[in-house]
Amino acid sequence: IHCSPAYSDFYRSESESLTQITEHRVIKAFYRTRAKNSFTENSEINDSEYWTKFWQNLTNLTEITLSGGEPLQSNTTLKLIKDLSNHEHASKLTLNIITSGMSIPDWFFEILEKFNQVIMTFSVDAIGEQAEYLRWPIKWDSVVDNVKKSMSYSNVKIYFALSVHSLSLSCFPDIIEWIFSLNLNKDYNPLTFNYVHTPTWM
């Protein structure tokens, strides 16, 4: 619903398994194509030439956006963040991370101040038990804890991307009330909206 096999290992493995278990020829073709295309789109991950060029051109960059899937559950992305933090250009970089906030390693917070700015955008459908239902297997208390940890750094700016779909609309008043209870910096609007287009019934 929220991503594709190109950006999510879990989504990719599920697509592959669905091609094996379904008897419906259209569904089988659909998921087979998505799984196949994901390897093409994601091929740069293991492309040494790509990474050589990336590091050679890093000083030309001012901002890097990491999205997903869930970027902070990717070993490749976590290694990239750690390597970036140790680079002399880190103090001139803005790191823009879009995350569910469910799984952030402790060392991540320890290196945030090495960057010029870190923009943390937490993708939210609901809060509390409703969030745990819609975004299983997240634990809401862990998400809240990671939001508050992020808020404690002066160079970190917090946003919330509300995913708009039929299961989340009724949750918006509670989400917005919770966000404003955090007393974020009043100089900007922390709310953004993502619209779910497929499946059509959502």
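## Sheet pairing

Within strand S5, the residue standing opposite Ala161 is Thr192. This pair belongs to a predicted model, in which strand S4 (residues 156-164) and S5 pair in the parallel sense over five bridges. Ala161 also serves as the bridge partner of Ser123, and S3 and S4 pair in the parallel sense over seven bridges. On the other side of S3, Phe122 is the bridge partner of Thr99; S2 and S3 are joined by six bridges, again parallel.

The complete arrangement is an open sheet of five strands, ordered S1-S2-S3-S4-S5 with parallel pairing. Strand S1 (63-66) and strand S5 (191-195) form the edges, each pairing on one side only. From one strand to the next, the twist averages 20°. Strand S3 (residues 117-124) is mostly covered, with seven of its eight residues buried.

## Helix H4 on the sheet

Helix H4 (residues 75-85) packs on the sheet, where it touches S1 and S2. The direction of H4 makes about 160° with that of S1. Buried residues of H4 are Thr77, Leu78, Leu80, Ile81, Leu84 and Ser85. These residues lie on the same side of H4, because they cover an arc of only 160° around the axis. An α-helix has 3.6 residues a turn, so residues three or four places apart point the same way.

The buried residues of H4 pack against helix H3 (48-56), S1, S2 and H5. Asn75 and Lys79 are exposed, on the face of H4 turned away from its buried side.

## Two loop residues

Asn155 is located in the loop between helix H7 (140-151) and S4. Its relative accessible area of 13% makes Asn155 buried, because the cut-off for burial is under 20%. The side chain of Asn155 reaches the backbone oxygen of Leu112 at 2.9 Å. Leaving aside residues up to four places away in sequence, Asn155 touches Leu112, Glu113, Phe115, Asn116, Gln117 and Val118.

Met102 occupies the loop between strand S2 (94-99) and helix H5 (106-110). With residues up to four places away in sequence again left out, its contacts are Glu70, Gln73, Ile138, Ser142, Val143 and Asn146. Met102 and Pro137 are 35 residues apart in sequence, and their C-alpha atoms are 8.6 Å apart.

## Salt bridges

The model contains five salt bridges. One of them joins Asp106 to Lys149, with the closest N and O atoms 3.5 Å apart. Asp106 lies in helix H5 and Lys149 in helix H7, so this pair ties together parts that are 43 residues apart in sequence. Asp106 is exposed at 54% relative accessibility, whereas Lys149 is partly exposed at 29%. Lys149 also meets Asp145 in a salt bridge, at 3.5 Å from N to O. Asp145 and Lys149 are four residues apart in helix H7, so they are separated by about one helical turn. Asp145 is partly exposed, with a relative accessible area of 38%. Asp106, Asp145 and Lys149 are thereby linked in a network of salt bridges.

A further salt bridge brings together the side chains of Arg135 and Asp125, at 2.2 Å from N to O. Arg135 is in the loop between helix H6 (128-134) and H7, and Asp125 in the loop between S3 and H6, so the pair ties together parts that are 10 residues apart in sequence. Arg135 counts as buried at 17% relative accessibility, and Asp125 counts as buried at 2%.

Terms used:
Residues numbered from 1 in each chain as written. Predicted model: local features only at pLDDT ≥ 70, side-chain atom pairs only at ≥ 80, totals over all residues. Heavy atoms only, no water. Contact = heavy atoms within 4.5 Å. Pairing = 2+ DSSP bridges. Axes fitted to C-alpha atoms, helices over the stretch in contact; angles between N-to-C directions. Buried < 20%, exposed > 50% of the residue type's maximum accessible area, 1.4 Å probe, protein only. Arc of directions from axis to C-beta. Polar contact = N/O pair within 3.5 Å; in protein donor to acceptor, adjacent residues only side chain to side chain. Salt bridge = Lys/Arg side-chain N within 4 Å of Asp/Glu carboxyl O.
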